[in-house]
Every structure is written in C-alpha cells, then in structure tokens.
Amino acid sequence: MNTEQNLQTADLLLAPWKKETAQPETNRLDVSIAANQLRQAVSALHNARWGYLSAITGTDLGPAAGQMEALYHFCNGAAITTLKIQLPRTDSAVLPTIEDIIPPATFFERELHEMLGFKFKAAKSNERLFIPDDWPEDVFPLRQDFSIEQAKPVEGRQAVEVPEAGRVGDSTFVVPIGPQHPALKEPGHFEFTVDGEIVTAARMRLGYAHRGIEKAAESRNWIQNLYLFERVCGICSHTHALAYSLGVEKLAQVEVSPRAQAIRELVAGLERIHSHLLWLGVAAHEAGFDTLFMYSWRDRETVMNLLEQITGNRVNYSANVLGGVKCEIGPEQAKAIKEGLNYLEPRINHYLGVVTTDTMFLNRTRGIGTISCEEAEEFGLLGPTARASGMLRDVRVEAPYGAYKQFPVSGVTETNGDLEARCVVRLKELLVTCFAIRAIIDNLPTGPLTVRVPRKIPAGETISRVEAPRGELLYYIKSNGTEHPARVHIRTPSLCNWVSVLEKAVGRQLADVPMLIAGMDPCFSCNDRLITTVDAARGRKTWSWTQLREHGIEYYKR
Amino acid sequence: MNINNDQLWVKVIKKVRAWARLNSVWAVHFNSGSCNGCDIEILATLTPRYDVERFGIKLEGSPRHADVLIVTGPVTRQARERLLRTYEQMPEPKFVISVGSCSISGGVFQGCYNVGGSVDEVIPVDVYIPGCPPRPEAIIDGIIQLLTHLKDGNPRPAHPVAEKQIAEEVLA
C-alpha cells in the first residue's frame, strides 16, 4: 500500500471520533479528537494493525492560549497519522492512559507527565522517570513560563540507590547496579531482585544524564541548535544533526543538492560502522570475551580515521550544516575510504564467523533473551533489536529520506530473536552499509555542497525520521517564524527498546543481565535528554519491569 | 611509635611508594551526564591503538581501589550527589581528571536547567583536558602530565575553594 492509501485507511478508521482533520504535509494526517475518545481511537488503529505508536509529543501553547497539546504519532511506512488532543493548562489536563493497549506508551506518558504536567487517568503509577530526585512537585520544565527559580531543590528528597537492607525475603536479595558500575559506561541505576541466581524482579531508574536539551533548544537559534543536538549523543551524533537538518530544511522549503544528501548518507554509513563495531566490543566485554573487544575496537579505529579525515573530528563531527554538508569528498578521501572498506569487509566477515561459531560466546548468546516477532511488535521495538526478531523496521527501507532513494540499502532481518541474532543482524548490516558507501563513492552526484537557509524559519511544524544505528529516531520540530524553534521533541530509539531488557531479564540468571542490557545497545545519554527524579519521601519513583510484564499478560488474555 | 622522617628507612619506603604509585595508576571512570563522546574516547585509550596500559594505567571498577577519578560531563543535578559519593569513597591520595569541555565549563549545555556547570564546583580537579571530545592522545597526555607532576615530588595542586565546599558538604 502506498502512503496515500495508508492515510485514507487511517482516516476511515478514525472517522467515528474525528473532530477535525488536516494534512500539514503530504505524508501526514492530523486528526483532532476529544480526550475521552482517545482510547477508542488508539484501539481502532491498533486493532487494525495500522503502523505503530512512534512517539507522543507534548507541547505547551503558552499561558496566553491557556492550552496544551498532546500529539500521538503513529507511523506506517512513510505515512504518519497524528492524534491531536488539546487540553487546558490546568490541573484538569487529564488524559486516559493507553499503556494497557500499547505497553511502550508507559515511557511516553511518563515523559508527558514529568515535562508538561499532563495527568493520566487510571495509569498504574504517576511516578517520575527523568526528573531529579530533589525536583519540586508541580514544576514542569517544558511549560513556557517555567523558570529555574521555581525548581529549587526540595530538602530531604534525595533518593538513596542502595537498598538499606539488601535482603528482602527469606531467600531473595536485591542487587543494586549503578549509577557508577564497571559494567556501565554510562550512568543508570538498576535493582535486580534475585532468588539464588535467578532474577525475580527488576527496576530501573534513568535520568543521571538528563541535561534538559529540549528546553535549552528553545532559547538557542536554529544554527546553534544543530551543534546542541549533535551532543545529545556522542555515538550517533551525525544522525541527530541529520534528523534536525532534514526537518528544518523541510520547514524552510529548501532543496538540498543530491551531492550533499549523498555525503550525508556516506557519513551516516561510516557512523553506523563505528557504532556497531563499538557495540560488538562492548557486548563481547560484557560476555567476558575481551579479546574480541580489543580486536573490534582496533578495527574501529580505521573508521575513526576516515571520519577524522573527512570531517576533521573523530566524534561529534559536525558534518551537517543547515542546507547541506560542510565536508567535500575529493579523490583523496574517496581513495582512503575505499582502502578502509577493503580492510574492514574481511574483518566484518571474520567477526560474523566468530559470533556464530565460537562455542564460549554462543553459550552466552544463543537462545538467551529470545523475543518473538509478535512480542517485538507488541513492545514496539525498533532498529536492530526488532530486526533480529524478524520484524523489518527500518526507516531507510520503509520511508527512504535524503539520498536513500538513490542509494538504497536492503533491510537485514534474522528470525531467532536471541542475542546471537542481534549480533548477526548488526554485522550483516555493516556489510550492506559498506556496499552502499562504495556505491556512493563511485556515483557521487554533482552539485553545490550547501544552499542558503534563512535565519528565520517560516512558521509550521514537521516530523523528521531517520534511522540511527540503534533504530528509528524521531524529531518533531515546530517553528513560530522566529530565529528560535518553538518546540523540538526528540524520541530516541533506546527509549523504546528498554522494554526488551525489562521483559527478558526476569527469570534469567543474574549473569545474563549485563548481556541483555548490552544486547539492545542502550544509550543513556539519548534517553536522558529529558529529566529524572527519584523521591525517597514518597516511595521510590522507578518503573518496575514486573509491571510491564503484567501488562503483557493482561494484553494476551483479551 | 614516633617516626622520624629523616630516617633512612622512611625515605626508602616513601620512594618505593611513589615509584609504585607512578607505575600502576588505577583509574575509575564516572560519567556525570556527558553525551558519551568523551566516554568512548576514554575507552578507546585502553584499546590496542592507544593502549594506555603500557604506562601501567588500568581502568578499575570500584572507586575504593582507585587512585585517579576520571570525570566526564557537565554534572547533572541527579549525578552530583553520586559524583561526590564516588569521590569520597576513594582512598587518599586521590587525583581527579576532568575530561571534556562540558566537564570544565558546562560547554554546550551551559544554562540548561538540570546542569550544575562544571566538575570543579563539586570536587577538586587536578588536570583539565579540554575538547569536545578530546582526542585519546590528549587524554593520555593529561594523565602523563599528572604523573610527571607527581614524579617531580610536587604535592597535589591546592584547591582552597573546592576543598572548603567539600568540607561543608561533609559536615552538612
């Protein structure tokens, strides 16, 4: 089905509840509905298997308008249907929860609650996930009239991670991990309740790396923001800048030259290679296979050299500018890239052999953390984690952007859904990426590197989706016609993929947990661009893995 | 027992201790909310291309066994308390290396509502390594500068302001 038919289907499905429809872009349909009909509308889309819930964006329209907006974005191929709900900016901004229909919505709803103060009727908990522990009640950082003076630390609300008594029952024990822990390169906090060696419950707390980037974006201009968003995550910095640039260029109605788009895809390809090799090393390290860690990181340096040669920096390369790219691929760079790929391809094939034949490694990966295709769909997984379960969810294939129409990549899937499949998917994806990079170098289109983008971006809003190494990355960008964006919402893939760890750790041995966490390639800094808080006085504000499990069971009963 | 610092055996033991310290530096890494860029570069210094272990430097999991604390990130509100706790768990003498522009000045995150600003507002810092992110060579150079400083018999640089803050924190 093409995009137009998809949108027509969605329009028909939502017909009973729609108050108003609009089509802001050719691939989008905005349907305004009433808050009390949200559940029916979501169920209609969900039961008809129309795409998946990609993100929920909350926007404060300001004290003058007195309204807040919640936008539920459903993606189906290139088509995006948005359910739009407007509520007053008061305590009566209550939305019905949809976490029992779509489990991963829990995270999105938490975000809406913590950042904008939406309340959720019948939600199992209104606990915070992102804001700091000592953050005061009823202060919402993404409200337009928020000021830092309102957020004075509240005394006595600092949380303590370590359980005061590790023993919680006759035979059960809580093992705290993080925020500083040898197995975690980034800060996060986990509590695993173990009975002997078996994990019986798991909790997690994010937000140690929450910096408040979405709010900061509103006070910086369009160009400054490019460099800010690049630093959402140092590993996939190019995809963040790319998603932002593509969105802003769409709003400004600027056509970027095919050459610039091709170079963007090339840098994204190199970034994918560096990211997946990095991941392979970390996963091997968690499995105790440090030799593979050292080898894969040694080979990763080849890509880092290439990135440095092309863009001038190893990490945070700023290849994008609004309206194009800043770096040229000349004959010298093309030769270096080809030489690099000539070295890397045999190495990737070698690693493919290692992860599928090494008995010790297979003991840690084969049949562990298996996620079926149905589960992957239910949990709303994205990227390689979903593709390892046989679900082809890849924006580059489903909704090609930039140069991916001219230089397509084929989607790689595996069917087993275990940790081994996730290794294989990522490595095979590297081979596909190498192939695409060669095609780009051989057929690099001509044209200017940059085109002019105005300082003030015309008013409007857009959704920009790109495939980051970890899965679909979604940017919602809203402009009010000034030099600053009115709202930028980022939904990173890691946020959706946490479910796979939460669900699969319970019932496994504690020793498998680091591998399960590594298996989804988590990126804390991406997740935590929002806020985080735990509250000792009111009980620990974390999201329980068992809760999600219950949702899953309930879901299958119906 | 009274120990006279002029006695030969005391001098010898001090020398041996300094020699051991300089040749087997154990570092613990703490991410206080950075974007990950510095963290992967720190990890890269351990891998074959840069191989910082040739200087006897080893990444250690527990702060209680570590000599050097390598901090990245602009210190978010949630991480501040944990950074302090990690620092306090380290045995004396301890040294702090702050890696990355945002750990030095807040960098690109300056003014964000959830960001403290810099590492040296929370704990005393001995070496600053700027860059966004600094190259692995720069990180190695920073560590070696610290070691050279200690080798020459210098005490740690004094940080009166930060030390006072720490004292207040501990007393509170």
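This is a short tour of a predicted model, one selection at a time.

Because the model is predicted, local features are described only at pLDDT of at least 70 and side-chain atom pairs count only at pLDDT 80 or more, while totals for chains, interfaces and linings use all residues. Residues are numbered from 1 along each chain as its sequence is written, and chains are lettered from A and ligands numbered from 1 in the order in which they are written.

**Stop 1: chain A**

Select chain A and switch on the cartoon view. You will find 18 helices and 16 strands; helices (H or I, at least four residues) and strands (E, at least two) are DSSP runs, numbered from the N terminus. Of its 558 residues, 54% count as buried. A residue is buried if 20 or more other C-beta atoms lie within 10 Å of its own, exposed if 12 or fewer, and partly exposed in between, with C-beta atoms placed from the backbone.

**Stop 2: two domains**

Now colour residues 169-209 and 492-558 of chain A as domain 1, and 220-491 as domain 2. These bounds come from an automatic or database domain assignment. Where the domains meet, 25 residues of domain 1 and 28 residues of domain 2 are in contact, meaning that C-beta atoms, placed from the backbone, lie within 7 Å. Which helix gives the most to the domain 1 side? Select H15(A), which supplies 9 residues; its range is 493-505. The domain 1 side divides into 13 nonpolar, 7 polar and 5 charged residues. Here Ala, Val, Leu, Ile, Met, Phe, Trp, Tyr, Cys and Pro count as nonpolar, Asp, Glu, Lys and Arg as charged, and the others, Gly among them, as polar.

**Stop 3: a run of strands**

Next, select strand S13 (residues 460-468) of chain A, where 7 of 9 residues are buried. Add strand S14 (residues 471-479): the two run antiparallel, joined by 9 bridges. Two strands pair if DSSP finds at least two bridges between them. S13(A) and S14(A) form a hairpin with 2 residues between them. Try showing the side chains of A:Glu461 and its bridge partner in S14(A), A:Lys478, then A:Arg465, which stands opposite A:Leu474. In S14(A), 9 of 9 residues are buried.

Add strand S15 (residues 485-491), which pairs with S14(A) in the antiparallel sense over 6 bridges. On this side, A:Lys478 stands opposite A:Arg487. The hairpin of S14(A) and S15(A) has 5 residues between the strands, and A:Gly481 takes a positive phi near 85 degrees there.

**Stop 4: where chain A touches chain B**

Show both chains. Here 40 residues of chain A are in contact with 34 residues of chain B. Helices H4 (213-219), H5 (222-230) and H8 (290-311) of chain A each give two or more residues to the chain A side. H8(A) gives the most, with 4 residues. That side divides into 22 nonpolar, 9 polar and 9 charged residues.

**Stop 5: the largest nonpolar core**

Finally, select A:Ala283, B:Leu69 and B:Ile97, which touch the most other members of the 199-residue largest nonpolar core. Such a core is a set of buried Ala, Val, Leu, Ile, Met, Phe, Trp, Tyr and Cys residues joined through C-beta atoms within 7 Å. Helix H7 (residues 258-286) of chain A brings the largest share, 15 residues. Why does the core lie between domain 1 and domain 2 of chain A? It lies there because both domains give residues to it.

End by centring on B:Ile97: beyond its neighbours within four places in sequence, its contacts include B:Val68, B:Ile70, B:Val127 and B:Leu146.

Key: Two residues are in contact if their C-beta atoms, placed from the backbone, lie within 7 Å.
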